[in-house]
Amino acid sequence: MRFTIFTFFFLTLILFTQDSEAFRCGTPHLKMEIGHQPILEVPTAPIHPAAPALQIGFKRSFFAIDFTSKQQYTINATLRASGPHCYIFVEDSEWRETVTPLTVQTIQRAFDTTTPADPRRGIYDILTDDLSTPPDVDGNQKVILLFLDIREIENRTITAGYFMPIDQQRGILHHPTLGPIRSNEADILYLNSKFHRANSAEIEAVIAHELQHLIHWKHSPNEEIWIDEGCADYAASQCGYNLYQHIQAFQNTPNISLTDWSQMNQTHLLAHYGAAFLFIQYLHDHYGGTATVAAIIKNRLDGFDGITHTLAARGMSNKFSNIYSDWKVANYLSTWNLLGNVKTPFRYHTTIPVIKPLFTHDTYPASGKNRQLANFASHAIEYKVNKAGQEGLTLSFTTQRNTNVDIKVAYLYNTGEVLVESLPLKTTDGSTSLDIPTFGTSVQRLMFMPSLQVENQSFSQQSINYNYDADEGILGTYTTHVLPNPVHPNYWEIVAVPSEATVAHSLTVTLTYQNRTLHDTKPMVYIRNNNQVVYRYAFHLKPEIITTKVTWSITRGDTIVDEGVLED
């Protein structure tokens, strides 16, 4: 989702409290409703001279946002603390109610002096040293931390903080539906005074998160939401703050889209943050560390282009889809880290999430129908050996498209070795199959990981539905005979003889004539006589049907065993 310099939007952070009440992120809500409408600047105010140093007790008013009405309102605030890199203003009605002298003392110390990551560097020094410097629209070389009672959308949600890019403009701006919008003409981070305790580590994490938004805006004001939010959580992590709740949310909902936040809801919003953070962390781990993240932030290109251009400039050319594919494997193989030797690039070096597969099977046959997969989302289906003597597994996968679907398959051997390979779809349709005769002997587990990966931004909200089947035993080969009945005209039989008669499989027959289906997935009869096994299907055709135009196919689940034309 894109937005422009003059777009009326807010970069905010959402977290959970200890009692599990959700803090709502106002960014996507406002972007989706009004984010793509232009804002006209009328008129441009003159550039002010550098602001003089302010004294504690200085009073001024600020324009804030009401997240319910999406309108601005005015608050009165007083400067309560000042440090080398910050002014801390507090809304007058919140002073000594939710924000105390201890609050501002603690916040000023965290911003300027010390953090959990480095007792000698505050949030400002860590992020400016590691990432870049923020803008300085008011010329005072300080960032304003404004504590206020943010007006909320719902009673049970709290916006922890936000950055308002219109403050980087001057004068009055005009939105075509909202009317006049006033800039505070300052580098401001808006912080909710009712978020946890205002002098807690949680609010310090919010400050680091929002400061990254300010820095990122300076270099790439049109950045995609998911990259900006991922970098913001990365910034908080660099300062040593815990992002457990974001990571946990993604662990609980790992099938969400990394890039498309338009369909998010209150339940899954935290998972989007967790996914974005872990992807940026993965880039950090495998593509050059903090220097690469900083280069992404400073790159003027947005979205996929910004990432691939940054990596190419640093001598690490790779397609975004390839990186995403490796990342999804690293996520889902996290549960195998203690079972086998998962090699790079399929593991993290720093943060270690534990992301379970979406579906797990240990009895067969097993299947899934109409599973929905969003663009740049990934699923994982794990197959386990459940009994001694189990031998062989056959998989099939079908969807409605045969491009931009990436499938990775991982094998866990009883030696502890983990092998990962790509499984291509057939070029004629969106299907593929896999026969694993060593499943149950040398292969103990298998992870099947499909994802849709359309890099074209115009199709970012695409999704697919897919089906999968798994059957115990070895698919093997079949000798097929198509026989007309010598006694009764228009009667036919299809007989399939397996090369190995180990397990009874469910085989079906489909007949098609001139683009219409005559018989649809009809079961074949399983016949066993001592060691001889055959599958048989008998059928009748109307006299007017031209048999040379009748096609047949035998399938096991969604896997085609054999196919042909009737007379052949």
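Asp 469 is buried, having a relative accessible area of 15%, where buried stands for under 20% relative accessible area, exposed for over 50% and partly exposed for values in between (1.4 Å probe, protein chains only). The model described here is predicted, and for that reason local features need a pLDDT of at least 70 and side-chain atom pairs count only at pLDDT 80 or more, while totals for chains, interfaces and linings use all residues. Residues are numbered from 1 along each chain as its sequence is written, and side-chain values use heavy atoms, with hydrogens and water left out.

Confidence is given as pLDDT, the predictor's confidence in each residue on a scale from 0 to 100. The chain averages a pLDDT of 86, and 87% of the residues score at least 70. Over residues 14–26, however, the pLDDT is below 50, although this stretch has 52 contacts in the model beyond near neighbours in sequence, a contact being heavy atoms within 4.5 Å. Residues 28–38 also have a pLDDT under 50 throughout, and for them the model has 32 contacts beyond four places in sequence.

The description of the fold rests on helices (H or I, at least four residues) and strands (E, at least two), which are DSSP runs numbered from the N terminus. Two strands are said to pair if DSSP finds at least two bridges between them. One open sheet consists of 4 strands in the order S12-S19-S14-S17, with antiparallel pairing. Strands S12 and S17 stand at its edges, and because each has a single partner strand, one side of each is left without a neighbour in the sheet. The twist in this sheet averages 15° from one strand to the next, where axes are lines fitted to C-alpha atoms, for helices over the stretch in contact, and angles run from 0 to 180 degrees between N-to-C directions.

Within this sheet, strand S14 (residues 393–399) has 7 of its 7 residues buried, so the strand is largely enclosed by the rest of the structure. Its side chains are divided between two directions, with Leu 393, Leu 395, Phe 397 and Thr 399 pointing one way and Thr 394, Ser 396 and Thr 398 the other way, and all of them are buried. S14 pairs with strand S17 (residues 430–436) in the antiparallel sense over 7 bridges, and in this pairing Leu 393 stands opposite Ile 436. S14 and S19 are likewise antiparallel, paired over 7 bridges; Leu 395 stands opposite Ala 470 in S19, and the bridge partner of Thr 399 in S19 is Tyr 466.

A further open sheet of 4 strands has the order S20-S21-S25-S24, again with antiparallel pairing. Its edge strands are S20 (478–484) and S24 (525–529), each of which pairs on one side only, and the twist averages 25° from one strand to the next. Strand S21 (residues 491–498) pairs with strand S25 (residues 532–540) in the antiparallel sense over 6 bridges, and Tyr 491 has His 540 in S25 as its bridge partner.

Side chains of opposite charge can pair when their charged atoms come close. A salt bridge is taken as a side-chain nitrogen of Lys or Arg within 4 Å of a carboxyl oxygen of Asp or Glu, and by this rule the count comes to 13 salt bridges. In one of these, the side chains of Lys 328 and Asp 406 meet at 2.8 Å, N to O. Lys 328 lies in helix H10 (residues 320–332) and Asp 406 in strand S15 (residues 405–413), so the pair ties together parts that are 78 residues apart in sequence. Lys 328 counts as buried at 0% relative accessibility, and Asp 406 counts as buried at 17%.

Asp 469 forms a salt bridge with Lys 369, with the closest N and O atoms 3.2 Å apart. Because Asp 469 lies in strand S19 (residues 463–472) and Lys 369 in strand S12 (residues 366–374), the pair ties together parts that are 100 residues apart in sequence. Lys 369, at 44% relative accessibility, counts as partly exposed. Arg 445 and Glu 382 also meet in a salt bridge through their side chains (3.4 Å, N to O), and since Arg 445 lies in strand S18 (residues 443–452) and Glu 382 in strand S13 (residues 381–384), the pair ties together parts that are 63 residues apart in sequence. Arg 445 is partly exposed, with a relative accessible area of 23%, whereas Glu 382 counts as buried at 3% relative accessibility.
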